[in-house]
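Here's a quick briefing to read alongside the coordinates. Have a look at the model first, then we'll go through it topic by topic.

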Amino acid sequence: MNILITSAGRRVSLIRSFQKELKKINIDSKVFATDADPVLSAACQIADDFFKVPRLDAPDYISVLINLCKTHNISLIIPTIDTELLELAKTKEKFKQEGIEVVISSVDFVSKCRNKRVIHQFFESHNVSVAKEYEKYNYSLPLFIKPIDGSRSVDTYLIRTKEELTDYHFNNEKLMFLEYIDHDDFDEFTCDLYFSKDHTLKCVVPRKRIEVRDGEVYKALTVNNALVPYIKNNLNKIEGAVGCLTAQFFLHKYDNEKIYAIEINPRFGGGYPLSYLSGANFTKWLIEEYLYDKSIEEKFDVWESDLLMIRYDDEVLVHEYKD
């Protein structure tokens, strides 16, 4: 039973976690990776083997994945980037007919997550507070601007004065004008959530974002705080949600009653290795649940709090490389 990590890029730690957990169960199983340019992907070089695939918008992307899985006895696919999620959700049943499980939430839920305005409405329907959205000519300063379909902090702006606003901000219909949540008063957390096949929450790990580089957390700290019971109470069941989700929240530094949700990404986040190393073994649970049909019990107390992760750059060497 082999596993495929798609769009692997630089997700070396994610690949290694699946290699470690899979080989504990079956030493002969392999973790493969795909990328549009796998030779220049650190994660692909670390995988047991890698495959070059078309770009995500190519018409044959899905058929190429299916053929790779059938050829290499791949039973489980783990997607990793936002731009492939919706298409994989739409074709999930097509993979299943070939005996291949794709760990991806439903089309409806993935679509909600892709639209920041819609996911705000989702949060409110679950009694979870969100930052107020302003009409573009009736706002209060300071304000935060972000696109409804953005990722990796691209096209985001903190606006403190009217002079900083431009025609681009007003005319771009994708940009949302939002109440600014001050970092002097609030800490930002990315929470790793594990949802079982029946869409039930099994684990929550809040990771305090200490330093972010290029949209990915660089320094972070696990904290067992008010977010755990808050998320457990309000998001215990999400129709269509499965596997690892990453949800961003702001928690007031001195008032645990003040919590604001920002967004959800229905995939592994870049900071998941911290949760994994703290004891929240989403990797193992996915293997058990999807390859061995085991039920996952609640795991809210299995991880280590106050565990600090400090990242650094490492080298992956490729011998006899020819460009």
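Does Lys24 count as buried or exposed, and what is its relative accessibility? Lys24 comes out as exposed, at 57% relative accessibility. Bear in mind that this is a predicted model. Below is the overall picture, then the salt bridges, then a loop glycine.

**Overall build**
- The chain's secondary structure adds up to eleven helices and 15 strands.
- For 323 residues, a compact globule would have a radius of gyration near 20 Å, and the chain's 20 Å agrees with that.
- Along the principal axes, the C-alpha atoms fill a box of roughly 60 × 45 × 40 Å.
- Buried residues account for 51% of the 323 residues.
- If you take contacts between residues at least 6 apart in sequence, 66% of them join residues at least 24 apart.

**Surface and charge**
- About 15,900 Å² of the chain is exposed, and carbon and sulfur atoms supply 46% of that area.
- On the charge side, you get 42 positive and 52 negative side chains.
- The centres of those two sets sit 2 Å apart.

**Salt bridges**
- The count comes to 19 salt bridges.
- Lys24 pairs up with Glu21, with the closest N and O atoms 3.5 Å apart.
- Lys24 and Glu21 are three residues apart in helix H1 (residues 12-25), so about one helical turn separates them.
- While Lys24 is exposed, Glu21 is buried, with a relative accessible area of 4%.
- Glu101 and Lys96 form another salt bridge, their closest N and O atoms being 3.9 Å apart.
- Glu101 is buried at 18% relative accessible area, whereas Lys96 is partly exposed at 46%.
- Asp108 and Lys112 also meet in a salt bridge, at 3.4 Å from N to O.
- Both Asp108 and Lys112 belong to helix H6 (residues 107-114), where they are four residues apart, about one turn of the helix.
- Asp108 is partly exposed, with a relative accessible area of 48%, and Lys112 is partly exposed too, at 27% relative accessibility.
- Arg10, Glu216 and Arg311 are joined into one network by salt bridges that share partners.

**Gly270 and its surroundings**
- Gly270 sits in the loop between strand E14 (259-265) and helix H10 (272-278).
- Its relative accessible area is 30%, so Gly270 counts as partly exposed.
- Leaving out residues up to four places away in sequence, Gly270 touches Glu216 and Arg311, both of which appear in the salt-bridge network with Arg10.
- Gly270 and Val217 are 53 residues apart in sequence, yet their C-alpha atoms are 6.7 Å apart in space.

Key:
Residues numbered from 1 in each chain as written. Predicted model: local features only at pLDDT ≥ 70, side-chain atom pairs only at ≥ 80, totals over all residues. Heavy atoms only, no water. Helix = DSSP H or I, 4+ residues; strand = E, 2+ residues; numbered from the N terminus. Rg over C-alpha atoms; globule rule 2.2 N^0.38 Å. Buried < 20%, exposed > 50% of the residue type's maximum accessible area, 1.4 Å probe, protein only. Contact = heavy atoms within 4.5 Å. Areas by Shrake-Rupley, 256 points an atom, 1.4 Å probe, with all protein chains shown as cover. Lys, Arg positive; Asp, Glu negative; His and termini not counted. Charge placed at Lys NZ, Arg CZ, Asp CG, Glu CD. Salt bridge = Lys/Arg side-chain N within 4 Å of Asp/Glu carboxyl O.
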